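The following account leads the reader through selected features of a two-chain model, from a strand pairing to the contact between the chains. Please keep the sequence and the coordinates at hand while reading.

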Amino acid sequence: MTATISTTSVTPTRRRRRSARLSPLLVAFVLVPFAVESVWVFWPALQGFWFSVTRWDGMTPPTFVGTDNYVELAGDATFRGALINTVIWLVLFGGLSVLGGFGMALVLQKERRFVGFYRAALFTPVVFSLVVTALVWRVFYQPDGIADTLLRAVGLEHLIRPWLADPQTALYAVILPALWRQIGYVMVLFLAGLKAIDPALHEAARMDGANAWQRLRHVTIPQLKGVNAVVLSVIVIDSLRSFDIVWSLTKGGPYHSSELLSTYMYSTAFQSLRLGYASAIAVVIFVLALAVILGYLVRAFREEA
Amino acid sequence: MSDFDPGRRRFLGHLGLAGLGALGASSFLSACASSASGPTTSNGSGAVTIQSNLSSPQAKAAMEKLIETFNAQGKGTASLNTIASETFRTQLPTYLTSANPPDLYTWYAGSVANDYASKNLLLDVSEVWKSLDDYPQSLRTLSTDASGKQIFVPMNNYWWGFFYRKSNFAKWGVQEPKTWTEFLALCETLKSKGVPPIGIGLGDTPWVASAWFDYLNIRINGAPFHRELLAGKQRFDDPKVKAVFTRWREALPYFDPKGKAYPFQEATTALLAGKTGMFLIGTFFADAAPKDALGDLDFFRFPIIDPAVPLAEEAPTDGFFASAKTANPTGTKALLSYLSGVEAQEAYVKASSGIVLPANPKAKASDSPLVVKGKAMLDEAKELTQFFNRDSSDALQPTADTALTKFIDKPDQIDAILREWQAGAEKVFKG
């Protein structure tokens with residue numbers, strides 16, 4: 001506590017001195033990345049908005065069509081399916097990776113024998129490229145592959161189906177490998193957060209007679225607020241940009257049953273060469289991501305204020 | 001030429017797309033729009049740049065050898081850029097529209113090339129064709145655009161057919177069928193012996209199903225209707241198209257149920273291992289076959305359904321077209337003349353592993369019985385078609401993949417499927 005007080009008393013004086021004259025080096029450090037960012041991020045992003053109100057095949061110049069693309073989106077059954085799948089993906093992939101990652105972090109936070117090994121094992125999938133992950137899981141799912149063999153071994157052969165080719169199971173069969181990877185990543189974020197909690201708080205709570213559940217609910221979770229914001233942003237962004245694993249396993253098929261907004265955008269842009277329409281889908285993805293994250297940030301700031 | 005078909009895209013492209021998010025995507029899209037610079041290439045008399053998607057090891061080596069020989073002849077210099085197939089496909093429009101494009105490209109004949117030609121992006125190569133008098137008329141027509149000039153130079157083509165293992169057919173005591181009725185009877189016999197009669201590989205390579213659609217359509221409605229349909233001049237919800245699926249449905253019970261889940265490469269393995277009876281596929285599948293199995297392979301043509309319909313076969317043609325904006329048209333045409341010559345075509349056929357037929361009628365194909373039979377089949381055909389995506393566009397292919405895989409799963413819903421297909425196709429034609 002003392003440490004906090006001393007920093008707050010020092011900062012105002014420092015800040016005043018700095019704002020008097022900006023060092024040219026500092027200005028350069030801000031402006032150069034800003035210029036690079038403008039060319040490579042902001043300008044293309046703005047152009048994306050412009051393309052979304054045009055019809056464009058990538059060869060001839062784009063023609064302005066007003067809101068045609070958005071009107072078409074509203075009546076496009078494939079887009080609606082992809083939107084629903086993206087929501088399912090957000091809830092299942094996001095929800096389960098938070099639960100799984102947090103659970104694993106709690107189990108593995110105490111230093112015990114082999115705990116380093118378990119942490120490393122859970123984190124390993126993060127290191128693999130998703131395309132490699134997809135190759136491994138494809139072997140798992142293939143007809144007479146590991147999944148089928150396992151089911152046969154426990155007498156559940158009636159459940160066997162072409163996992164990635166059955167429209168009932170394709171989406172879930174793709175979520176599983178994505179989760180397998182994401183849980184390790186979220187676990188590491190939570191582990192870092194858990195390490196930062198002052199053990200004195202837990203000790204004080206224990207002295208006051210709080211049981212394990214009460215300490216989790218009233219000490220650990222509130223203390224993780226900062227990490228939660230990071231995890232939420234990571235989860236939302238990762239869900240909406242999930243593309244490679246779906247594309248390498250099913251390409252959104254069979255017949256759009258595992259289509260996400262991201263895969264639909266890609267196939268619209270680079271297979272159907274309808275870049276204007278694809279830009280409109282990209283804008284929708286952008287708005288969705290912004291809405292979820294802004295919603296959370298506004299709430300978080302309001303609570304702090 | 002293994003890398004030419006849509007399913008053989010290796011999707012190396014998506015490694016770079018790992019971070020495709022909302023903003024990332026729009027920047028990616030616009031990157032295509034705003035990039036106006038191609039690789040720096042020839043100015044006047046400099047080297048001719050050839051952009052090749054032949055990235056499989058043998059094909060790449062074969063191309064390198066051809067270019068080396070051309071350079072040694074002293075008629076000009078050329079340099080080869082080999083690019084991963086999927087990257088090549090998505091970048092091709094960018095190459096062609098850039099201010100300083102590469103000179104020469106490997107690609108497909110037919111509708112795809114004509115489409116670029118109609119946008120004035122391709123070089124008129126009629127001059128090269130003047131020395132190709134002995135090429136068959138079918139190839140000349142295929143290489144000619146709507147305004148009557150040649151814009152494409154074919155290198156080779158290959159064929160599709162029902163491939164099977166001779167030893168297995170002998171073991172099962174069955175013969176090649178000629179008609180649809182005989183074909184269905186063969187399927188019934190194989191099924192009674194416990195062998196899934198028809199292999200297919202739709203997992204990851206759903207475009208393989210288009211071969212069934214193409215063949216049934218050219219056997220029932222004929223090649224001209226097929227081409228019109230694929231060009232948007234006929235409708236997919238037409239009763240004539242539905243008739244195709246009524247026929248197809250007769251064969252559906254004989255398809256290998258596992259074929260939905262694995263790609264055509266694994267369907268090849270299943271065929272070779274005797275786990276399926278036969279497999280409608282292009283000759284490129286042999287790339288994935290062990291050498292000792294090749295001698296045991298044979299094929300028969302897609303059975304005749306209506307003898308009144310002129311015989312047509314699928315013969316996808318691969319070759320080259322050049323950019324209209326090339327700074328060195330003379331050098332580019334010299335290279336094209338060399339590539340269309342007997343010497344280069346024979347060298348390519350010899351060096352590349354695939355079973356292909358050289359486009360130059362004087363060039364000798366491999367003399368294996370399989371190639372001789374394939375050549376005879378194509379020579380007998382009155383009409384040649386290319387393949388679904390080549391007779392229409394890569395943009396229309398996904399609509400076919402969706403419709404056909406759905407039909408194989410849910411044949412009862414054919415009317416709804418054809419309506420959706422028509423709606424999807426209209427969007428593609430509208431742009």
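**A sheet in chain B and its surroundings**

Within strand E7(B), Phe279(B) is the bridge partner of Phe163(B). The model in which this pairing appears is a predicted one. The bridge belongs to a longer register: strand E5 (residues 160-165) of chain B and strand E7 (residues 278-282) of chain B pair in the antiparallel sense, over 4 bridges.

Phe163(B) also has a counterpart in E8(B), where the residue standing opposite is Phe299(B). The pairing of E5(B) with strand E8 (residues 297-300) of chain B is likewise described by 4 bridges and an antiparallel sense. Tyr164(B) takes part in this pairing, and its bridge partner in E8(B) is Asp298(B). Strands of a sheet are joined through backbone hydrogen bonds, in either a parallel or an antiparallel arrangement.

These pairings form part of an open sheet of 4 strands in chain B, whose order is E6-E7-E5-E8 and whose pairing is mixed. Strand E6 (198-199) and E8 of chain B are the edge strands, each of them pairing on one side only. E5(B), which stands between E7 and E8 in the strand order, is mostly covered, with 5 of its 6 residues buried.

The loop that leads from helix H13 (291-294) to E8 of chain B contains Asp296(B). Is this residue buried or partly exposed? Asp296(B) is partly exposed, because 13 other C-beta atoms lie within 10 Å, whereas a buried residue would require 20 or more. Leaving aside residues up to four places away in sequence, Asp296(B) touches Arg165(B), Lys166(B) and Ser167(B); of these, Arg165(B) falls within the range 160-165 of strand E5. By contrast, 23 Å separate the C-alpha atom of Asp296(B) from that of Tyr254(B), a residue 42 places away along the chain.

**Helix crossings in the two chains**

Chain B also offers a helix pair for inspection. Helix H9 (residues 209-220) and helix H11 (residues 239-251) of chain B have axes that come within 9 Å and cross at roughly 115°. H9(B) and H11(B) are therefore roughly perpendicular to each other, and their crossing is right-handed. On the side of H9(B), the contact is made by Trp212(B), Phe213(B), Leu216(B), Asn217(B) and Ile220(B), while H11(B) supplies Ala243(B), Val244(B), Arg247(B) and Trp248(B). By class, this contact has 7 nonpolar, 1 polar and 1 charged residues.

In chain A, the axes of helix H9 (residues 199-207) and helix H10 (residues 212-223) come within 10 Å and cross at roughly 160°. H9(A) and H10(A) are therefore roughly antiparallel to each other, and H9(A) passes H10(A) in a right-handed crossing. Leu201(A), His202(A), Ala205(A) and Arg206(A) of H9(A) meet Arg215(A), Val219(A) and Gln223(A) of H10(A) in this contact. Its residues comprise 3 nonpolar, 2 polar and 2 charged.

**The contact between the chains**

Finally, chain A and chain B touch through a contact that takes 47 residues from chain A and 36 residues from chain B. On the side of chain A, the elements giving two or more residues are helix H2 (24-51), helix H6 (130-141), helix H11 (225-241), helix H12 (244-249), helix H13 (261-270) and helix H14 (275-304). By class, this side of chain A has 29 nonpolar, 13 polar and 5 charged residues.

Technical notes
Residues are numbered from 1 along each chain as its sequence is written. Chains are lettered from A and ligands numbered from 1 in the order in which they are written. This is a predicted model: local features need pLDDT of at least 70, side-chain atom pairs count only at pLDDT 80 or more; totals for chains, interfaces and linings use all residues. Axes are lines fitted to C-alpha atoms, for helices over the stretch in contact, and angles run from 0 to 180 degrees between N-to-C directions. Angles under 35 degrees count as roughly parallel, over 145 as roughly antiparallel, 65 to 115 as roughly perpendicular and the rest as oblique. A crossing is left-handed if the near helix is turned anticlockwise from the far one by less than a right angle, and right-handed if clockwise. Two residues are in contact if their C-beta atoms, placed from the backbone, lie within 7 Å. Ala, Val, Leu, Ile, Met, Phe, Trp, Tyr, Cys and Pro count as nonpolar, Asp, Glu, Lys and Arg as charged, and the others, Gly among them, as polar. A residue is buried if 20 or more other C-beta atoms lie within 10 Å of its own, exposed if 12 or fewer, and partly exposed in between; C-beta atoms are placed from the backbone. Two strands pair if DSSP finds at least two bridges between them.
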